[in-house]
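Grab a pencil and work through these exercises with the model open beside you. Try each task before you read its solution.

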Amino acid sequence: MNPMKWRVVDIVIATVLAVACGFLFLVWNTVGYAWYEALDAVTPGLGGLPAGMWLIGGVVGALVIRKPGAAIYVELIAACVSALLGSQWGISTVWSGIAQGLGAELIVALFLYRKFGLGVATLAGAGAGVGAWVLELFTSGNLAKGIEFLSIYLGCLVVSGAVLAGVLGYLLVQALAKTGALDRFAVGREARAAQSRV
């Protein structure tokens, strides 16, 4: 059997993760956006700092499923859930899901879907931030805001993606794996093996 081919259990768990992330996004749409506006009022571009929570779906999906398309799938479905449940950005939330998922997916693909440690998770979160930044150049009018804003915003998205999506996403997956909920996946088996060695 091709280890890169999706199984039914992969689709089911990826969908469950995506729906959970979609609910997280819905909560963060209020909390995170309030932080975005407050930080952007201090220095335009700093609003990117709380954005990492919107990027976590792709990282979590990639770390659990470990197959091509997982980051895009989970981030996109999570964005669709958020949009359907009343995101203030409506359908544009879906485009964000695609761009952010693609940013994470490209990083995992660079490692040929074989490395899934903290370093790769951190880079995938940063990649999702870059994906968000590129999309918003054209959809949010950011291209006209000048090089200073674009540089600060990119830096904040990368840092936020690395920490909130990457590191937090990695820790979340590891915690979930230790419960036994992911025993049908490599991350779950790795967690069990690590526990048995202790």
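**Exercise 1.** Which residues in H4 are buried?

*Solution.* Keep in mind that you're looking at a predicted model.

Step 1. Walk along helix H4, which runs 92-110. You'll pick out Thr 93, Val 94, Ser 96, Gly 97, Ala 99, Gln 100, Gly 101, Gly 103, Ala 104, Glu 105, Ile 107 and Val 108 as buried.

Step 2. Now think about the spacing of those numbers. An α-helix has 3.6 residues a turn, so residues three or four places apart point the same way.

Step 3. Look for the partners. The buried residues of H4 pack against H2, H3 and H5.

Step 4. Check the span too. With its 19 residues, H4 reaches 28 Å from first C-alpha to last, close to the 27 Å expected at 1.5 Å a residue.

Step 5. Step off the end of the helix. Just after H4 you meet Leu 112, with a positive phi of about 55°.

**Exercise 2.** How many residues of H2 are buried, and which elements do they pack against?

*Solution.* Step 1. Count along helix H2 (56-65). Ten of its ten residues turn out to be buried.

Step 2. Put names to them: Ile 56, Gly 57, Gly 58, Val 59, Val 60, Gly 61, Ala 62, Leu 63, Val 64 and Ile 65.

Step 3. See what covers them. The buried residues of H2 pack against H1, H3, H4, H5, H6 and H7.

Step 4. Zoom in on one of them, Leu 63. Skipping residues up to four places away in sequence, Leu 63 touches Phe 116, Ala 121, Gly 169, Tyr 170, Val 173 and Val 187.

Step 5. Leave the helix. Arg 66, just after H2, takes a positive phi of about 60°.

**Exercise 3.** Which residues have the most contacts inside the largest nonpolar core?

*Solution.* Step 1. Start with the head count: this core has 46 residues, and Leu 63, Val 64, Val 173, Leu 182 and Phe 185 have the most contacts inside it.

Step 2. Ask where the core residues come from. H1, H2, H3, H4, H5, H6 and H7 each give two or more.

Step 3. Link back to the last exercise. Leu 63 and Val 64 belong to the buried residues of H2, and Val 173 is one of the residues that Leu 63 touches.

**Exercise 4.** What lines the largest pocket?

*Solution.* Step 1. Get the volume: about 600 Å³ of space lies in this pocket.

Step 2. Find its lining. There are 26 lining residues, and Trp 89, Ser 96, Glu 136, Ser 140 and Tyr 153 lie nearest the centre. You've already met Ser 96 as a buried residue of H4.

Step 3. Match the lining to helices. H1, H3, H4, H5 and H6 each supply at least two residues, and H4 gives the largest share, six residues.

Step 4. Sort the lining by class: 13 nonpolar, ten polar and three charged residues.

Step 5. Do the second largest pocket as well, with its volume of about 210 Å³. Of its 15 lining residues, Pro 3, Ile 65, Lys 67, Ala 186 and Arg 189 are the closest to the centre. Helices H2 and H7 (186-197) are the elements that give two or more residues here. By class, this lining divides into eight nonpolar, one polar and six charged residues.

**Exercise 5.** Is Thr 139 buried or exposed? Do the same for Ser 82 and Leu 150.

*Solution.* Step 1. You need two cut-offs: buried is under 20% relative accessible area, and exposed is over 50%.

Step 2. Take Thr 139, in helix H5. Thr 139 has 52% relative accessibility, so it counts as exposed. Its C-alpha is 9.6 Å from that of Ser 96, 43 residues apart along the chain.

Step 3. Take Ser 82, in helix H3. Ser 82 counts as buried because its relative accessibility is 1%. Leaving out residues up to four places away in sequence, it touches Gly 22, Phe 25, Leu 26, Asn 29, Ser 87 and Thr 93.

Step 4. Take Leu 150, in helix H6. At 10% relative accessibility, Leu 150 is therefore buried. Beyond its neighbours within four places in sequence, Leu 150 contacts Trp 133, Leu 137, Asn 142 and Leu 143.

Methods:
Residues are numbered from 1 along each chain as its sequence is written. This is a predicted model: local features need pLDDT of at least 70, side-chain atom pairs count only at pLDDT 80 or more; totals for chains, interfaces and linings use all residues. Side-chain values use heavy atoms; hydrogens and water are left out. On a 1 Å grid over the protein atoms alone, a cavity is a set of points where a 1.4 Å probe fits but cannot get out, and a pocket is an open set with protein on both sides within 12 Å along at least five of seven lines; lining residues have an atom within 4 Å of a point. Grid points are joined across faces, edges and corners, and a volume is the space filled by probe spheres set on the points. Helices (H or I, at least four residues) and strands (E, at least two) are DSSP runs, numbered from the N terminus. Ala, Val, Leu, Ile, Met, Phe, Trp, Tyr, Cys and Pro count as nonpolar, Asp, Glu, Lys and Arg as charged, and the others, Gly among them, as polar. The expected span of a helix is 1.5 Å times one less than its number of residues. Buried means under 20% relative accessible area, exposed over 50%, partly exposed in between (1.4 Å probe, protein chains only). Contact means heavy atoms within 4.5 Å. A nonpolar core is a set of buried Ala, Val, Leu, Ile, Met, Phe, Trp, Tyr and Cys residues joined through side-chain atoms within 4.5 Å.
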